[in-house]
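Visitor: I'd like a close look at one part of this model, please. Could you pick a place to start and follow the contacts outward from there?

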Amino acid sequence: MGASARRRRLTMYDAYQDDLAYLEQFRDDGDENVRLLEPLLAFRLSRAYRRSERLRGFLRIESAGRTRDVQQYLYDGYKEKRAGFNMAANPARIIGSRGGFTFRGSWHMAQEDGFVYAVDLTHHGALSWDDAHDDLRASGLHETVPNEPWHHQATTIKGPKPGPFPDGTTTEDELTPELEERLDGLATWVFNGTTMILKRIEELSMEINGTTPKGDDE
């Protein structure tokens, strides 16, 4: 199953819209666009909040999704050094490709499928990042940018990160290109190892029986 097919499967899980609506209450300033979160990210973030009282009490969504136009606006302001604008990614830059699908700009920018693949979180009160990360990782949300403990994703350029999947999706959703490559390498290693073991068994058998092992070219 290709990457685009996996994405289509995930858009169809029954509670997707319910999860997006549930996440609305955790917006930090109230203007964060959680409706653009890709299904796996929405599922895992909603799951994390539902499972953890301390996340519900102290963790908020500080930055969610933005359209390409907004990303362009932020990038232009940054390049022109306008007051109040921080560093922002060029919406045209290529992050990488997977399964014929190209990710561009920022993980917070809506991609070709209309979804964003990252969320920035902020904590208030009696909650440390260590504790927050314990609860988030348990639901399959991972920090993917060094020195940015607030940035979390469920999917990267290599495919879905380890974690739960919505009901109605299959284990094929977890078979990312990276995993496929690893499995291919494992299959090769097993085949070569088995071949060597069988050859050694044959050699030992020949030695025990006092015969000469066949050469590789025979």
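Guide: Let's start at Arg-54, which counts as partly exposed because its relative accessibility is 32%, a value between the 20% and 50% cut-offs. Please keep in mind that this is a predicted model. What does Arg-54 pair with? The partner is Asp-131: the two form a salt bridge in which the closest N and O atoms are 3.8 Å apart. That separation passes the test, since the cut-off for a salt bridge is 4 Å. The bridge ties together distant parts of the chain, with Arg-54 in helix α4 (residues 53-58), Asp-131 in helix α6 (residues 129-138), and the two positions 77 residues apart. Asp-131 is partly exposed as well, because its relative accessible area of 30% also falls between 20% and 50%.

From Asp-131 we can walk along α6 itself. Which residues of α6 are buried? They are Trp-129, Ala-132, His-133, Asp-135 and Leu-136. Viewed down the helix axis, these buried residues fit within an arc of 165 degrees, so they line one face of α6. What does that set of residues meet? The buried residues of α6 pack against the helices α3 and α4 and against four strands: β1 (59-63), β4 (119-123), β5 (142-143) and β6 (151-153). Helix α4 therefore turns up twice, once through the salt bridge of Arg-54 with Asp-131 and once in the packing of the buried residues of α6. Just after the helix, Gly-140 takes a positive phi of about 85 degrees.

Leu-136 deserves a stop of its own. This residue sits in helix α6, and it counts as buried because its relative accessible area is 0%, where buried means under 20%. Leaving aside residues up to four places away in sequence, Leu-136 touches Leu-45, Ala-48, Leu-55, Leu-59, Leu-121, Leu-141 and His-152. If you would like a pair to check in the coordinates, the C-alpha atoms of Leu-136 and Arg-51 are separated by 9.8 Å, although the two residues are 85 apart along the chain.

Now back to charge pairing, with the pair of Arg-54 and Asp-131 still in view. Side chains of opposite charge can pair when their charged atoms come close. The model has 8 salt bridges in total. Another of them joins Glu-24 to Arg-35, with the closest N and O atoms 2.9 Å apart. Both of these residues lie in the loop between α2 (16-23) and α3 (39-51), and they are 11 residues apart. Glu-24 is partly exposed at a relative accessible area of 22%, and Arg-35 is partly exposed at 39%. A further salt bridge pairs Glu-112 with Arg-104, whose closest N and O atoms are 3.1 Å apart. Here Glu-112 counts as exposed because its relative accessibility is 52%, over the 50% cut-off, whereas Arg-104, at 32%, counts as partly exposed. Salt bridges that share partners also join Glu-24, Arg-27 and Arg-35 into one network.

For a contrast with the charged pairs, look at Thr-155 in strand β7 (residues 155-156). Thr-155 is buried, with a relative accessible area of 4%. Its side chain makes a polar contact of 3.5 Å with the side chain of Glu-38. Not counting residues up to four places away in sequence, the neighbours that Thr-155 touches include Leu-40, Arg-98, Trp-107 and Tyr-117.

Helix α5 (residues 68-79) lets you set a second helix beside α6. Its 12 residues should span 16 Å at 1.5 Å a residue, and its end C-alpha atoms are 16 Å apart, so the two values agree. Gln-71, Tyr-75 and Gly-77 are buried in α5. These three cover an arc of only 160 degrees around the axis, which puts them on the same side of α5. Just after this helix, Lys-81 takes a positive phi of about 55 degrees.

Stepping back, the protein has 7 helices and 8 strands, and of its 218 residues, 39% count as buried. Among contacts between residues at least 6 apart in sequence, 58% join residues at least 24 apart.

Conventions. Residues are numbered from 1 along each chain as its sequence is written. This is a predicted model: local features need pLDDT of at least 70, side-chain atom pairs count only at pLDDT 80 or more; totals for chains, interfaces and linings use all residues. Side-chain values use heavy atoms; hydrogens and water are left out. Buried means under 20% relative accessible area, exposed over 50%, partly exposed in between (1.4 Å probe, protein chains only). A polar contact is a pair of N or O atoms within 3.5 Å; within protein, one must be able to donate a hydrogen and the other to accept it, and residues adjacent in sequence count only if both atoms are side-chain atoms. Contact means heavy atoms within 4.5 Å. The expected span of a helix is 1.5 Å times one less than its number of residues. The arc is that of the directions from the helix axis to the C-beta atoms. A salt bridge is a side-chain nitrogen of Lys or Arg within 4 Å of a carboxyl oxygen of Asp or Glu.
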